[in-house]
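Reader: Please show me the model and explain the terms applied to it.

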Amino acid sequence: MHTPERLSEAAVPRPDADVHVRIRNISKRYGSLKANDDVSLDIRRGSVHALLGENGAGKSTLMHILAGLVPPDTGTVWIGSDRLSRYEPREAKRLGIAIMRQQLTLIPALTGLENIALLDSDARLDHRKGSYLRRVGHDLERYEIRLDLTKPVYALSQAEKQLLDFFRALYLKSSLLILDEPTAVVGPVEGDGLLRRARAAADEGRTVLLVTHKIRELMAFADTVSVLRKGRLITSLAPADTSSADLVRAMVGATPQPLMARQSSAQRAPLVDVDIHERKVPGHEPPLREVKFTINAGEVLGVAGMAGNGQDRLASIVARRPNAAAAAVRVQGASGESDTVAYIPADRHALASSARLSIKDNLTLRCFRTRPFSRFGFLDSPRLDGFARQCCENFQIGTTGIDAELRTLSGGNVQRVILARELASRPRVIVAHNPTAGLDVAAALYVHIVLEQSVAGNAAVLLISDDLDELLLLSDRILVLHSGASMGVYPRTNLTRESVGRLMTGLPLAHAEEDPCNA
């Protein structure tokens, strides 16, 4: 692997028409944390350059410096022949830099067209809205993007919002597109579609900086990958010259623990029976129509589907939050529900934790009212403290103490807190909805290992995920949802990414047999 040499900060880079961005000796410190440590990097014009690293490796800081959102402590950034001297969004826009963050900057009450016009100095919506719409629509057709720009943003799906934000940067002629985890909150089909368009934009001469945790994406779409670890640039190389294992090793500094081998669950007894038939449900998701399946003890049943096709509803029903009138969920041999089903929701911050409560409070949310932690309405604080410390030890939660607020933890450690709380009672059923979304490779692998250990203990896992690679890696069988209906339950060995994608769009498979247990 090639490690770049240190370059003099004062040196002006030699002109090179092929290099679009030159980063020289960038360092940035927040208190005692050195977010970027002497980073030097070249990004070639017309390329997709991926930035890989664990949470806290310095990717976001470097990205924000490039976008003019924060100034570095030391170092220089060159965009073409222009030195970035004023670190402010206006200067970045002048140099053709656009950033697409996970937290989109679209205004929900405005239409897609109005959101584009806000950043377009040539727009005159008040006088010629029709002609402006036609002009923007022409570019939509050129990039083969289907969007209704007359709709308010709040009425668009998450995938459509991501696509709108990306198209806005294309339409405004941005020459450097910074994509921060663009596929983290959309399904695999929508995510790959966005990355194909980013690849096409690079082929047209634009430069794309792709920040991602998904090694498959950078191996498929990137020309170059740079790995950051603890603020330092470890290596820059072409994906064709490396492997997934080498990239993970460069990112975490060690060879990660592999998943354990799992025995076939074909002969295991059914543990969970689910039978759902709804006519209508509140909210935007379609009702679940004739969704019927079982999960065996010691098995992972994966669930795939495009965003908004019933996955949220299915997770709520099986986790019994809330029960549906037209749904039956039975756990064999269960006498009660309190410790039978564990729930790891898709939004770990909004649905599974409280940022301003302590780590201890978050860990004890399920048990503080039960014995031996509470008797006659009085909490046993020493027992709760001991439980929280044991959880931190068992799940390797990196923290300065159990009384620290949860918001002081990284995303990976927040997910470990949720896993520790939900799995402490050794539940028989685990509903895991996008359990690795937004996590880096090492943190995601830890979640996978914990789920595998639960399966080895005879738990039944319902794994609902937007990550097809995750489903194909962990699942014994896969259920595919389309418009709230089951497209069938298939053995994992019968499926590929392409065949799952076909089922997700509502098309049947020509050569795959359903699991006879659930046909």
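Author: The following exchange treats cysteines, a surface patch and a helix. This is a predicted model, in which local features need pLDDT of at least 70, side-chain atom pairs count only at pLDDT 80 or more, and totals for chains, interfaces and linings use all residues. Residues are numbered from 1 along each chain as its sequence is written, and side-chain values use heavy atoms, with hydrogens and water left out.

Reader: Why is cysteine 367 not bonded to the closest cysteine sulfur?

Author: A disulfide is a pair of cysteine sulfur atoms within 2.5 Å. The sulfur of cysteine 367 is 7.6 Å from that of cysteine 391, its closest, and therefore too far for a bond. The sulfur of cysteine 391 has its closest cysteine sulfur in cysteine 392, at 7.0 Å, which is also too far for a bond. By this rule the count is 0 disulfides.

Reader: What makes cysteine 391 count as buried or exposed?

Author: Buried means under 20% relative accessible area, exposed over 50%, and partly exposed in between (1.4 Å probe, protein chains only). Cysteine 391 has 4% relative accessibility, so it counts as buried. Cysteine 367, at 12%, counts as buried.

Reader: How do you know whether leucine 118 is buried or exposed?

Author: Its relative accessibility is 51%, so leucine 118 counts as exposed. Leucine 118 lies in helix α3 (residues 112-118); helices are DSSP runs (H or I, at least four residues), numbered from the N terminus.

Reader: Why is helix α1 described as largely enclosed?

Author: In helix α1 (residues 59-66), 6 of the 8 residues are buried, so the rest of the structure largely encloses it. These buried residues are Lys59, Thr61, Leu62, Met63, Ile65 and Leu66.

Terms used. Helices (H or I, at least four residues) and strands (E, at least two) are DSSP runs, numbered from the N terminus.
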